[in-house]
Amino acid sequence: MLQDIQLMARIAVSIVLEAAPFLLLGSLLSAAVDRYMDTERIARRIPQGLLGRITVGLLGGMLLPICECGSVPLARRLLDKGVPPLSAITYMLAAPVINPVVLVSTYVAFSGNFQMVAMRALAVAGSAALAGWLCGGRLWVDRQASLPDMTHLHSHGAQHMSAGGRNRWMVLDLLSSGASEFLDMGKYLVLGALASAAFKVFLPWQFVQALAGNASLSIAVLMLLAVLLCVCSEADAFVAASFVYVPSAAQVGFMALGAMVDLKLMGMYFSAFPKKIAWLLIIVPTVCVFGLTQLFAFLVG
Amino acid sequence: MKRVLLALDGALVLGLGLYMLILCQTEAYAAFMNPRFRPLTAAAAVGFCLAGAAFLLRPDGRSDGLRTLCFAILAVMAAHAGSGSLKGAAGFAAKPPAEIRTDPDPYLVRNGDSYLKSNPARLFLSLQTGQAAPPDQRYVTRGIIKRSAQLDRIGKFALLRGNMVCCLADAIAMGMMVSTEGFPVLRDGDWLVVFGRVQLLPEAFPITDLGGTGEVPFSMVFDKAFLVAEAIEKMERPRFPYVFELPPSARRPIRLTGGEDDY
C-alpha cells in the first residue's frame with residue numbers, strides 16, 4: 001500500500017512536471033495578450049461567416065501550437081479581448097492536435113500510417129468546430145456575464161501599470177500576472193493529476209484490458225481511459241499505438257478525446273467558463289468523437 | 001490573511017521552479033520524465049522562479065485558499081515521491097549520465113554466441129513495427145517478471161520494462177512472453193537477464209490479465225511472438241528501471257541513460 005501511494009505521488013508529480021511548462025507558457029501568453037496585444041483590431045478582421053470563423057480557429061491551432069493545458073488560459077483571454085467565441089473555442093480544442101508537431105508524432109507512432117493521422121485530425125477538427133459552434137452561440141449572447149474571474153485580473157494589471165509607470169514595472173507585472181493565471185488554472189492541474197494518478201494506480205487494469213479486448217466496447221473503454229489518464233497530446237499517440245489489442249478506431253478515440261477532455265481539463269473548463277459552457281465542452285467532444293470513431297470503425301475497422 | 005496567502009502562493013511557485021531546477025540536474029529526473037525533456041524542464045524552472053519572485057514582489061489578483069492548498073499538497077507529494085527507486089535517496093545527489101549517440105557494442109557475447117542487446121520494450125516495438133532483426137537473431141534482454149493465470153496456463157511469463165514516452169503517467173510496462181520450459185519457477189517482481197530467440201506464434205494470443213509491475217501500473221506484452229529462453233540469470237534491479245523507447249528506436253536508439261537502457 002505504501003509503495004502504491006508513493007507511486008501515485010510520483011505519477012501525480014510527473015503529470016505536473018510535464019504539463020506545468022505549457023500551462024505557464026499559456027498563462028504568460030495570456031497575460032501578454034491582455035496587456036500588449038490590440039486583439040480588438042484582430043477580432044474585427046476575423047471573418048463574419050460560420051465557416052470563416054471555424055477556419056480561423058483551426059488555422060490558429062496550426063500556426064500557434066500549444067498543448068491543451070496552455071490553450072485554455074489563452075483562449076479565455078482571447079475571448080475576453082473580443083475574439084469571436086466560435087474561433088476561440090475551436091482554437092482551444094483543436095490547437096493541441098491540429099499542429100505539425102502532434103500530427104508528425106502520430107505519423108511516427110503509427111509507423112507511417114497516414115490513415116491514423118487523418119482520422120485523428122478529422123475527429124478533433126470536427127468535434128472542435130461543433131463544440132465551438134454550440135458554445136460560441138451561447139457565449140456570444142451573454143458575453144460579459146459569462147466570463148467569470150476576468151475583470152479582477154484585467155483591472156488589477158491596469159492599476160499596477162498606471163500607478164507604477166508602464167516601463168518600470170512592465171516585466172514584473174507581466175510575470176506576476178502570468179503567475180496569477182498559472183495559479184488559478186494550476187490548482188485544477190494539481191487536482192486532475194492527483195485524480196488521474198489515483199485511477200492509474202488503483203484501477204483494476206486486468207478488468208480494463210478484458211473490456212478493451214471486446215471490439216464493441218473497446219472504443220468506449222479507450223475513450224474513458226483517455227479521460228482518466230491525462231496523457232499529454234504530444235505523447236498520447238505513442239501510448240495509443242501500444243494498445244495493440246484494440247481496433248484502430250478505438251486508438252483514434254483515445255487520441256482524439258484525450259486532447260480535448262480529461263480530468264485536469266475538466267477542472268480548468270469549470271474555472272474558466274460558465275458551468276453550461278463547461279458541460280458543453282465536455283459533452284460535445286465526447287459524443288462527437290464517439291460518433292466519428294464508430295463511423296471509422298464501420299468504414300475501416 | 002490575504003497577504004499571507006498571496007505570499008504563500010508566490011513562494012510555492014518559486015519553490016516549484018527550484019524543485020524543477022534541482023530535479024532536472026539529477027539522475028532522479030529519469031524516474032519522473034523522459035531525460036530528453038531536461039532542457040524544457042530547466043527552461044520552465046527558470047520561468048517559474050522568475051514568475052514566483054515577481055508574484056512575491058507585486059502580487060496580482062485575488063487570494064484563493066483552495067489554490068494555495070492544492071499547491072501545498074503538490075509540495076507534500078513531491079517530497080513523498082522521492083527519487084523513484086533510482087539508487088534510493090542518492091538519486092537526487094547523482095548527476096545524470098552523459099547522452100551517448102554512438103553504439104559502443106550492440107552485442108553481448110556469451111559462451112561464444114553473440115546476442116543483440118534489446119530491452120523488452122524495444123523488442124516489443126521492433127516486432128510490432130516490422131523492424132526486428134532476422135528470425136535467427138539471438139537477443140539478450142533484461143526486465144522484471146510478471147506472471148498471470150493466462151500465462152501460467154501456457155507455460156510462459158512476461159518479461160517487462162516500464163517504457164516512458166514523456167512522463168511516468170504515460171509509461172507502460174512493455175515486453176515479451178518468455179517460455180519457462182526447463183527453468184525453475186520464477187517469482188513475480190524478480191529481475192532477470194534472458195538470453196534467447198524470438199519465435200513467432202501462428203496467431204495472436206492477447207494476454208488480458210496482466211496487472212502492473214509495481215513501478216508501472218499497466219502492462220502490455222507483444223501477442224504475436226514469444227522469446228524462447230536459452231539461459232536465464234537473476235540480476236539486481238538496474239540503475240535505470242525505466243526505458244525511453246519510441247517506435248523508430250529499433251533503427252537508431254538514443255541512449256539517454258548512457259547505454260544503461262540498451263537491454
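In this predicted model, confidence within chain A is lowest in helix H8 (residues 150–164), at a mean pLDDT of 43, and highest in helix H15 (residues 275–300), at 93. The weak stretch covers residues 149–164 of chain A, where pLDDT stays under 50 and the model has 22 contacts beyond four places in sequence. Where pLDDT is low, the predicted coordinates should not be read in detail. Chain A as a whole averages a pLDDT of 83, and 88% of its residues score at least 70.

## Chain A and the nonpolar core

The secondary structure of chain A consists of 15 helices and zero strands. Of its 301 residues, 59% are buried. Contacts in chain A between residues at least 6 apart in sequence are mostly long-range, since 85% of them join residues at least 24 apart.

The largest nonpolar core has 186 residues, and the members that touch the most others are A:Ala12, A:Val16 and A:Val124. Helix H1 (residues 2–36) of chain A supplies the largest share of this core, with 18 residues. In chain B, domain 1 (2–92) and domain 2 (107–250) both contribute residues to the core, so the core lies between them. The surroundings of A:Val124 can be listed: leaving aside residues up to four places away in sequence, A:Val124 touches A:Ala94, A:Val97, A:Ile98, A:Ala256, A:Ala259 and A:Met260.

## The two domains of chain B

The domain assignment divides chain B into domain 1 (2–92) and domain 2 (107–250). Taken over C-alpha atoms, the centres of these domains are separated by 35 Å. Ten residues of domain 1 are in contact with eleven residues of domain 2. On the domain 1 side of this contact, seven residues are nonpolar, two are polar and one is charged.

## The contact between chains B and A

Contact between the chains involves 59 residues of chain B and 59 residues of chain A. On the chain B side, the elements that give two or more residues are helices H1 (2–23), H2 (38–57) and H3 (65–81), together with strands E5 (172–179) and E7 (219–235). Helix H2 of chain B gives the most to this side, with eleven residues. By character, the chain B side divides into 38 nonpolar, 13 polar and eight charged residues.

## Strand E4 of chain B

How many of the eight residues of strand E4 (residues 156–163) of chain B are buried? Eight of the eight are, so the strand is largely enclosed by the rest of the structure. In a regular strand the side chains alternate between the two faces of the sheet. Both faces of E4 in chain B are covered: B:Lys156, B:Ala158, B:Leu160 and B:Gly162 are buried on one side, and B:Phe157, B:Leu159, B:Arg161 and B:Asn163 are buried on the other.

The table lists the pairings of this strand.

| Partner of E4 in chain B | Sense | Bridges |
|---|---|---|
| E3 (residues 138–146) of chain B | antiparallel | three bridges |
| E5 of chain B | antiparallel | eight bridges |
| E8 (residues 242–243) of chain B | parallel | two bridges |

Individual residues mark these pairings. B:Lys146 stands opposite B:Ala158 in E4. B:Gly162 stands opposite B:Ala173 in E5, and B:Asn163 stands opposite B:Val243 in E8.

Definitions and conventions: Residues numbered from 1 in each chain as written. Chains lettered and ligands numbered in written order. Predicted model: local features only at pLDDT ≥ 70, side-chain atom pairs only at ≥ 80, totals over all residues. Helix = DSSP H or I, 4+ residues; strand = E, 2+ residues; numbered from the N terminus. Buried ≥ 20, exposed ≤ 12 C-beta atoms within 10 Å, placed from the backbone. Contact = placed C-beta atoms within 7 Å. Core = buried A, V, L, I, M, F, W, Y, C linked by C-beta atoms within 7 Å. Domains from an automatic or database assignment. Nonpolar A, V, L, I, M, F, W, Y, C, P; charged D, E, K, R; others polar. Pairing = 2+ DSSP bridges. pLDDT = per-residue confidence, 0-100.
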